[in-house]
Amino acid sequence: MEIKTKGVVLHRTFVGEKDAIIKILTESSGVISASAKSVKSMKSKLSAGCSLFSYSDFLLTESKGRYIVTSASLLEGFYGLSANIERLSYATYAAELASAISPDADDAKAIIPLLLNTFYLFSNTQKNLRLIKCVFELRLLCLLGYAPELEGCVECGDTEEICFFSPAEGGIVCRSCGNIPDTQIITPDTLSAMRYVHNADNKKAFSFSLPKSNIDEFEACTEKMLDNLIGYRLSSLNYLKQIAGRI
Ligand SMILES: [Zn+2]
């Protein structure tokens, strides 16, 4: 059976001298793994379309649950990412996150434009990369149907004196309900930024800046929500924190 689909290469492992297994976030079937034969050869027509983070038009052949890449035409590449270890590490994390949540086809279609925007910014922007990561995480949660409650306290519904965020409850908590376990402190500017990202579209969601202390709060909320959703901490996130000297 042949499948024609657009998709983003999330991961690539070389096998033997020339071949690779690539993990693709496809519009047609969510995340799938496929063999890319002779992709390391100089003459290979697959190499550009199957390179890491590429957005490509794929033709895949499926047999007994195994996929082989028949053709891969590059639509968009993000070569700036491989030139800088920090940018590369952020993009690797975004790709691993997209893979770990293993979206179905409908969710994959919604996530791909967000992922491409995020790769573009990680490869080009002068903005704070950690803020880009926070926006990606929150938009991803929203697209998957796990948008946090940001309008009223998750315990009592109150909209005044919001001081905390509960990743486990998935939303903001007011001062008088603040004794529930594992809450993060959240200040008004951080809450405003999270509301902005929640309500904006994929592109506009990234167009603001935020001081470091607010990024710290934002990140603590979204990272913990995703940890809870996935059930474990991604190795690429641990690595990101190591290289940022924050572990
Ligand atoms: Zn409350």
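1. In which helix does Ile 243 lie? In this predicted model, Ile 243 belongs to helix 6, which covers residues 235-243. With a relative accessible area of 38%, Ile 243 is partly exposed, and together with Ile 85 and Tyr 239 it forms a nonpolar patch on the surface, for which the accessible area comes to about 280 Å² in total.

2. On enclosed space, the count comes to one cavity of 30 Å³ or more, and the volume of the largest cavity is about 40 Å³. Its lining is made up of Tyr 93, Leu 97, Glu 223, Leu 226, Asp 227, Ile 230, Tyr 232, Leu 234 and Leu 237. The elements that contribute two or more residues to this lining are helix 1 (85-100) and helix 5 (212-230), and helix 5 gives the most, with four residues. By character, the lining of the largest cavity divides into seven nonpolar residues, two charged ones and no polar ones.

3. On open space, the largest pocket holds about 370 Å³ and is lined by 18 residues, of which Leu 10, Leu 52, Phe 53, Leu 88 and Thr 92 lie nearest its centre. Strand 1 (2-15) and helix 1 each supply at least two residues of this lining, and the largest share, five residues, comes from helix 1. The lining of the largest pocket divides into eight nonpolar, seven polar and three charged residues.

4. On charge pairing, the count comes to twelve salt bridges. One of them joins the side chains of Asp 216 and Arg 130, with an N to O distance of 2.8 Å; this pair links distant parts of the chain, since Asp 216 sits in helix 5 and Arg 130 in helix 3 (residues 129-143), 86 residues apart. Is each partner buried or partly exposed? Asp 216 counts as partly exposed because its relative accessibility is 31%, whereas Arg 130, at 8% relative accessibility, counts as buried.

5. A further salt bridge is formed by the side chains of Lys 133 and Glu 223, at 2.7 Å from N to O. Lys 133 lies in helix 3 and Glu 223 in helix 5, so this pair ties together parts of the chain that are 90 residues apart in sequence. Lys 133 is buried, with a relative accessible area of 2%, and Glu 223 is buried as well, with a relative accessible area of 7%. Glu 223 also appears among the residues that line the largest cavity.

6. Asp 216 has another partner to be noted, Lys 212, and the side chains of these two residues meet in a salt bridge at 3.0 Å, N to O. Asp 216 and Lys 212 are separated by about one helical turn because they stand four residues apart in helix 5. Lys 212 counts as exposed, because its relative accessibility of 55% is over the 50% cut-off. Salt bridges that share partners join Arg 130, Lys 133, Glu 137, Lys 212, Asp 216, Glu 219, Glu 223, Asp 227, Arg 233 and Lys 241 into one network. Asp 227, which belongs to this network, is one of the residues lining the largest cavity.

Key: Residues are numbered from 1 along each chain as its sequence is written. This is a predicted model: local features need pLDDT of at least 70, side-chain atom pairs count only at pLDDT 80 or more; totals for chains, interfaces and linings use all residues. Side-chain values use heavy atoms; hydrogens and water are left out. Patches are made of residues with over 30% relative accessible area and no salt bridge: like charges are joined within 9 Å, nonpolar side chains (Val, Leu, Ile, Met, Phe, Trp, Tyr) within 5 Å. Accessible areas come from the Shrake-Rupley method with a 1.4 Å probe; for residues, only the protein chains shown count as cover. A salt bridge is a side-chain nitrogen of Lys or Arg within 4 Å of a carboxyl oxygen of Asp or Glu. Buried means under 20% relative accessible area, exposed over 50%, partly exposed in between (1.4 Å probe, protein chains only). On a 1 Å grid over the protein atoms alone, a cavity is a set of points where a 1.4 Å probe fits but cannot get out, and a pocket is an open set with protein on both sides within 12 Å along at least five of seven lines; lining residues have an atom within 4 Å of a point. Grid points are joined across faces, edges and corners, and a volume is the space filled by probe spheres set on the points. Ala, Val, Leu, Ile, Met, Phe, Trp, Tyr, Cys and Pro count as nonpolar, Asp, Glu, Lys and Arg as charged, and the others, Gly among them, as polar.
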